[in-house]
Amino acid sequence: MMARPSCRAGDLLAGEASIDDVIEYDYRPTRPGSGPGRHRGVRGLAQIVRELRRRRFDRVYVFSSRVRYGLLAWLAGIPYRAGFGFSRVERLALNAAPYIRPYAGEGNWVYAEATEFARVHGFVAGPVVPQIAVPDDLVAELARELQRLPRPLVAVAIGTSQPRKNWGVENFARLAQALAERGAGVVLLGGPAEAASAQRIRAGVDRAQSISIRCESSVLKTAAALKACDVCVGNDTGALNLAPAVGVPALGLFGGTKPLRHDARMGAIEGETMNTIAVDDVLARLATFGV
């Protein structure tokens, strides 16, 4: 598997027996102020090409329409190069048809395009609901740590990759307060960058003993925490996708982004912007999940 560092693939896929190794392709900054990635520019390109050539891959399947990935595979001398092939420019570096067309239906395009690419190359016969393997010992560890919280236990995903996808501290605090008043427990999920926001959310809740903050550096630990919960609600972010992948129903807040519809366990509340999504509407939808 090759992915950008921000994907956290090495951590996320650590429980997957089919993954032998993860190569990080660091061609751009992973966070503001971090400087250029080590594979950026001519020198960085030469470095990643040497690494790929050293491994002597026979095939590459590029789950993307970005031209750079096919070009990288061509420079690395990989004989069989398959990719989405949306454009003629992209196909210049690819040589393994069939290609696919961009998704034009409702909802988010990522899952639909990846599924179609996998189908035409014979990996699957049709759509497959994504699942992530989480080590049993990690699941047991997080279950013990969260067992003090009341039930139902609601995971609230406060992380975000873009400000426009963020429902905001004030809304999440009001939601957490209402859930605590209903007698539910709340697990605030995010990465280290969300720790301060999580503290502010918990500070706005009268029943802080019903709130646990899990701003983990490990995505796999976030997945294990999700498995201990009854439902997940939150921003259009990685944790929201993880919830149904570990068997937990989820309710996504999509203000200005297309909802995810690849899993029947993923519900959605849509708005023109995140500010148009009301706390009361979220609470009403969570009631249909038994909260």
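## Salt bridges

A salt bridge here is a side-chain nitrogen of Lys or Arg within 4 Å of a carboxyl oxygen of Asp or Glu. This is a predicted model, and by that rule the count comes to 11 salt bridges.

Take Arg55 and Glu51: their closest N and O atoms sit 3.5 Å apart, so the pair makes the cut. The two are four residues apart in helix α2, which means about one helical turn separates them. Arg55 counts as partly exposed because its relative accessibility is 34%, whereas Glu51, at 19%, counts as buried.

## Another helix, and a surface pair

Helix α5 has a pair of its own, with Arg119 and Glu116 bridged at 2.8 Å between the closest N and O atoms. These residues lie three apart in the helix, so they are again about one helical turn from each other. Arg119 is partly exposed at 38% relative accessible area, and Glu116 is partly exposed at 30%.

Then there's Glu270 with Arg261, whose side chains meet in a salt bridge at 3.1 Å, N to O. Both of these residues are exposed. As for networks, shared salt-bridge partners join Asp21, Glu51 and Arg55 into one.

## Surface patches

On the charged side of things, Arg28, Arg40, Arg66 and Arg68 gather in a positive patch on the surface. Arg40 sits in the loop between β2 (23–24) and α2 (41–55), and its 46% relative accessibility makes it partly exposed.

There's a nonpolar patch too: Val67, Val89 and Leu92 make up about 300 Å² of surface. Leu92 belongs to the loop between α4 (88–91) and α5 (110–120), and it counts as exposed at 72% relative accessibility.

Key. Residues numbered from 1 in each chain as written. Predicted model: local features only at pLDDT ≥ 70, side-chain atom pairs only at ≥ 80, totals over all residues. Heavy atoms only, no water. Patch = residues over 30% accessible without salt bridge, like charges linked within 9 Å, V, L, I, M, F, W, Y side chains within 5 Å. Areas by Shrake-Rupley, 256 points an atom, 1.4 Å probe, with all protein chains shown as cover. Buried < 20%, exposed > 50% of the residue type's maximum accessible area, 1.4 Å probe, protein only. Lys, Arg positive; Asp, Glu negative; His and termini not counted. Charge placed at Lys NZ, Arg CZ, Asp CG, Glu CD.
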